[in-house]
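Q: I'm new to this one and would like a close look at a single part. Could you walk me through the salt bridges?

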Amino acid sequence: MAIAGEVLKTNITTLGPLVLPMSEQILFFATLVARKVFKAKKIKPYIPDFKLAFEHFCIHAGGRALLDEIEKNLDLSEWHMEPSRMTLNRYGNTSSSSLWYELAYIEAKGRIKRGDRTWQIALGAGFKCNSAVWRALRTINPAAQDKTTNPWIDEIHEFPVPM
């Protein structure tokens, strides 16, 4: 978990300036300056609100503990975590391919609207963390999907399940 936390922190630090609103970047920078320049160690590092940059999150379903930690540290809701948790429940830890099952889950639920932004976060063996950012070019109609285009479509009405 410690290694995953470090690589995720590096990834977020790189991605943040590219996707976060200026208000979040200023808060992050001000906190960083206060901690470094003024040696104000009592000030907690500011974790930007990535919910202001993304509507949907697909987080590598590498285990319950990993998802719990990311949910807590990024202050995500159960709704944001649902695709990752349901993918872990149904398919297990399928490595980074879980991201595509998660995106399909969001589509099958009818949550993807034109202009929505999705952040896919993949954690790999060792010290790897990758992000992909997507913007929906159109609203996804779940009724237009079938089992050949979405693995969830026949059973989506059964989810979420209690965990």
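A: Here is a tour of the salt bridges, pair by pair. Keep in mind that this is a predicted model. The basic idea is simple: side chains of opposite charge can pair when their charged atoms come close. The count here comes to eight salt bridges.

Let's start with D68 and R85, whose closest N and O atoms sit 2.8 Å apart. D68 belongs to helix α3 (residues 64–73) and R85 to helix α4, so this bridge ties together parts that are 17 residues apart in sequence. As for how much of each shows, D68 is partly exposed at 34% relative accessibility, while R85, at 14%, counts as buried.

Stay on helix α3 and you'll find another bridge, between K72 and E69, at 3.7 Å from N to O. These two are three residues apart, about one turn of the helix. K72 is exposed because its relative accessible area is 57%, and exposed means over 50%. E69 comes in at 32%, so it counts as partly exposed.

Now hop over to R90 and E155, whose side chains meet at 3.2 Å, N to O. This pair links distant parts of the chain: R90 is in helix α4 and E155 is in the segment after β3 (128–135), 65 residues apart. Both ends are partly exposed, with R90 at 24% relative accessibility and E155 at 26%.

Last stop: D49, K51 and D75 are joined in a network of salt bridges.

Terms used: Residues are numbered from 1 along each chain as its sequence is written. This is a predicted model: local features need pLDDT of at least 70, side-chain atom pairs count only at pLDDT 80 or more; totals for chains, interfaces and linings use all residues. Side-chain values use heavy atoms; hydrogens and water are left out. A salt bridge is a side-chain nitrogen of Lys or Arg within 4 Å of a carboxyl oxygen of Asp or Glu. Helices (H or I, at least four residues) and strands (E, at least two) are DSSP runs, numbered from the N terminus. Buried means under 20% relative accessible area, exposed over 50%, partly exposed in between (1.4 Å probe, protein chains only).
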